[in-house]
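Q: Got a minute to go through this one with me? I'd like the picture residue by residue.

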Amino acid sequence: MKDNFSNHAADYAKYRPVYPQALYDYLFSLVDSKNYAWDVATGNGQVATQLAQVFSKVLATDLSEKQLKHAVLLTNIEYRVQTAEENFDESQQFNLITVAQAIHWFDFKAFYKQVYQHLKPNGILAVIGYSVLKSQGELNSVIQHFYKEIIDAYWDEERKYLDEGYLTIPFPFEELQVPHFEMEIVWSQDQFLSYLNTWSAVKHYQKQHNSNPIDLIRKQVEANWGDIKTRSFYF
């Protein structure tokens, strides 16, 4: 599994969008027993902390120790440096396993082996993800041009799974038809640009060209922001 995020773990924790409460409410409604949950590739623990509000115990694992250092500590969450594919105590069984914005990095076969070993009968494996954000007016055109033209070649190959809505990943389990959930985020201009700066493709571009591609659109963002302090973005 690639680790594209350890080197900017603080920004990742600060600027990544937060999943809507409706998503969590739906997940919780699918699980009869709320004893144990496992959040895989937890990053800074964003999902794990929400699971901990409902589940008695939560295991939250990630390959990045730097990411875990930015996680919120709760008494019923066990944070562990561990890859998604790594074998561990088979006696640990979970009612819910979540993977948010990460499964496209996994070795699918090896990870699913862990799911078969650790997911309880009638348990739920929830795969969560989002692709490029949208906004209103000409600012949205700037965003889409940046994503599809300026940095398209700098995304890892695995990014395609997100753009395809995870519909093309191998998934050897019974699938449920679920509602579409939308995230609305209100950001200042600085927050919006800081979020773009967490993208792995931006980091790859910087490494190759020794410059930040966000500078190529900064003036366009300013020109199309409008006479307001914050704007809404949608995922």
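A: Sure. This is a predicted model. Start with Asn210, which is exposed at 74% relative accessibility.

Q: Where is Asn210 in the fold?
A: Asn210 sits in the loop between helix H9 (200-209) and H10.

Q: And what is the phi of Asn210?
A: About 60 degrees, so to speak a positive phi on a residue that is not a glycine. In general, most residues other than glycine have a negative phi.

Q: Asn122 next. What is its phi, and where is it?
A: Asn122 is not a glycine either, and its phi is positive, about 70 degrees. It belongs to strand S5.

Q: Is Asn122 buried or exposed?
A: Exposed. Its relative accessible area is 77%, and the cut-off for exposed is over 50%.

Q: Switching to the inside. Which residues touch the most other members of the largest nonpolar core?
A: Tyr19, Leu133, Phe146, Phe192, Tyr195, Leu196 and Trp199 do. That core has 53 residues.

Q: Which helix gives the largest share of this core?
A: Helix H6 (residues 138-150), with six residues.

Q: What does Leu196 touch?
A: Leu133, Phe146, Val202, Ile214 and Ile217. That leaves out residues up to four places away in sequence.

Q: What about another core? How many residues does it have?
A: It has 24 residues and lies apart from the largest one. Val99, Phe111, Val115 and Phe173 are among them.

Q: Phe111 and Val115 are in H5, right where I was looking. Which residues of H5 are buried?
A: Phe108, Phe111, Tyr112, Gln114, Val115 and His118 are buried in helix H5 (residues 108-118). Down the axis of H5 they fall within an arc of 150 degrees, so they line one face.

Q: What is exposed on the other side of H5?
A: Lys109 and Tyr116.

Q: And what covers the buried residues of H5?
A: The cover includes strand S1 (36-40), strand S4 (94-100), strand S5 (119-128) and H7.

Q: Now H8. Which residues are buried there?
A: Gln189, Phe192, Leu193, Tyr195 and Leu196. Their arc around the axis is only 155 degrees, which puts them on the same side of H8.

Q: How do H8 and H10 pack? At what angle do the axes cross?
A: Roughly 145 degrees, for helix H8 (residues 189-196) and helix H10 (residues 218-225). Their axes come within 11 Å. The crossing is right-handed.

Q: Which residues meet there?
A: From H8, Gln189, Phe192 and Leu193. From H10, Arg218, Val221, Glu222 and Trp225. By class, this contact has four nonpolar, one polar and two charged residues.

Q: Different topic: Phe55. Where is it, and is it buried or exposed?
A: Phe55 is in the loop between helix H3 (46-51) and S2. At 2% relative accessibility, it counts as buried.

Q: What does Phe55 touch?
A: Not counting residues up to four places away in sequence, its contacts include Phe28, Val31, Tyr36, Ala37 and Leu96. Ser33, Lys34, Asn35, Asn76 and Asn95 are also touched by Phe55.

Q: How far apart are Phe55 and Asp156?
A: 34 Å in space, C-alpha to C-alpha, and 101 residues in sequence.

Q: And Asp62, buried or exposed?
A: Buried, with a relative accessible area of 9%. The cut-off for buried is under 20%. Asp62 lies in strand S2 (residues 57-62).

Q: What is Asp62 in contact with?
A: Leaving aside neighbours within four places in sequence, Ala41, Thr42, Gly43, Gln67, Leu68, Arg80, Val81 and Gln82. Its C-alpha is 9.2 Å from that of Gly45, 17 residues apart along the chain.

Q: Where does Ser135 sit, and what is it in contact with?
A: Ser135 is in the loop between S5 and H6. It counts as buried, at 9% relative accessibility. Beyond its neighbours within four places in sequence, Ser135 contacts Asn140, Ile143, Arg231, Ser232 and Phe233.

Q: Last one, Glu174. Buried or exposed?
A: Exposed, at 73% relative accessibility. Glu174 is in the loop between helix H7 (159-163) and strand S6 (184-188). Its C-alpha is 9.9 Å from that of Ile124, with the two positions 50 residues apart in sequence numbering.

Technical notes:
Residues are numbered from 1 along each chain as its sequence is written. This is a predicted model: local features need pLDDT of at least 70, side-chain atom pairs count only at pLDDT 80 or more; totals for chains, interfaces and linings use all residues. Side-chain values use heavy atoms; hydrogens and water are left out. A nonpolar core is a set of buried Ala, Val, Leu, Ile, Met, Phe, Trp, Tyr and Cys residues joined through side-chain atoms within 4.5 Å. Buried means under 20% relative accessible area, exposed over 50%, partly exposed in between (1.4 Å probe, protein chains only). Helices (H or I, at least four residues) and strands (E, at least two) are DSSP runs, numbered from the N terminus. Contact means heavy atoms within 4.5 Å. Axes are lines fitted to C-alpha atoms, for helices over the stretch in contact, and angles run from 0 to 180 degrees between N-to-C directions. A crossing is left-handed if the near helix is turned anticlockwise from the far one by less than a right angle, and right-handed if clockwise. Ala, Val, Leu, Ile, Met, Phe, Trp, Tyr, Cys and Pro count as nonpolar, Asp, Glu, Lys and Arg as charged, and the others, Gly among them, as polar. The arc is that of the directions from the helix axis to the C-beta atoms.
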